[in-house]
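Reader: I am new to this structure and would love a close look at one part of it: the strands, and the contacts made by residues in or around them. Could you walk me through that slowly?

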Amino acid sequence: MPEGTPLLAVADAVVMTAGLEAPNFCPQLNRTVQALLVVLVHTVPTGELYASIYGHLSRIDVQVGVSVSEGTVIGLSGNTGCSGTPHLHFGVGWSVAGRYVLIDPYGWHAPTGDPWELDPRGAASVWLWKDGAAPSLR
């Protein structure tokens, strides 16, 4: 995705994180880096909490604690942190026992085991898209 592409909140949420991640060493660049990062927390009708994570931004347009609506521009795609080209890292976490574990927001549809459910850092993947709203997969 080209640098400067507007990034939209995937659903109504509260901004949990908006700023620089902690410094970390990037072996590919052979230096310590920090990416601009936004994390939104979404409460679904069942009361469950999900977090959407947007990484490598070039600009952040929201502040921690602010409520945003679906479709709100939260920032611009970029090339910050451990990155060699402009792109977006997007992830989804599900709140389980007070911590967010990574899931696949497209659910898992294969005869083999769900990789996120098998990974100790993850949980069973869940289809989170409204009818007709899921981005197409390549």
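Author: Happily! Let us begin with pairing: two strands pair if DSSP finds at least two bridges between them. Strands are themselves DSSP runs (E, at least two residues; helices are H or I, at least four), numbered from the N terminus. You are looking at a predicted model, in which local features need pLDDT of at least 70 and side-chain atom pairs count only at pLDDT 80 or more, while totals for chains, interfaces and linings use all residues. Residues are numbered from 1 along each chain as its sequence is written, and side-chain values use heavy atoms, with hydrogens and water left out.

Now find the open sheet built from three strands, which run in the order β1-β9-β7 with antiparallel pairing. The edges belong to β1 (residues 6-8) and β7 (residues 59-60), and each has a single partner strand, so one side of each has no neighbour in the sheet. Between β7 and β9, the antiparallel pairing rests on two bridges. You can locate this contact through Arg59, whose bridge partner in β9 is Leu76.

Stay with Arg59 for a moment, because its surface is not fully covered: its relative accessibility is 42%, and that counts as partly exposed (buried is under 20% relative accessible area, exposed over 50% and partly exposed in between, using a 1.4 Å probe and protein chains only). Arg59 also forms a salt bridge with Asp61, where the closest N and O atoms are 2.7 Å apart (the term asks for a side-chain nitrogen of Lys or Arg within 4 Å of a carboxyl oxygen of Asp or Glu). Asp61 is partly exposed as well, with 34% relative accessible area. The structure holds one salt bridge, and this pair makes it.

Next, follow the chain onward from β9. The loop between β9 (73-76) and β10 (89-96) holds Cys82, and its partner Cys26 sits in strand β3 (24-26). What joins these two cysteines? The answer is a disulfide, with the sulfur atoms 2.0 Å apart (the cut-off is a pair of cysteine sulfur atoms within 2.5 Å). This pair ties together distant parts of the chain, with 56 residues from one cysteine to the other. The link is right-handed, with 60° about the S-S bond. Its two ends differ in exposure: Cys26 is buried at 0% relative accessibility, whereas Cys82 is partly exposed at 30%. As with the salt bridge, the structure holds one disulfide.

Beyond that loop, β10 joins up with β11 in antiparallel fashion over five bridges. One place to see this is Ser95, whose bridge partner in β11 is Tyr100. The two strands form a hairpin with two residues between them, and there Ala97 takes a positive phi near 55°.

Finally, move along β11 (residues 99-103) to Leu102. Leu102 has 31% relative accessibility and so counts as partly exposed. Its C-alpha atom is 9.1 Å from that of Asp119, a residue 17 positions away along the chain.
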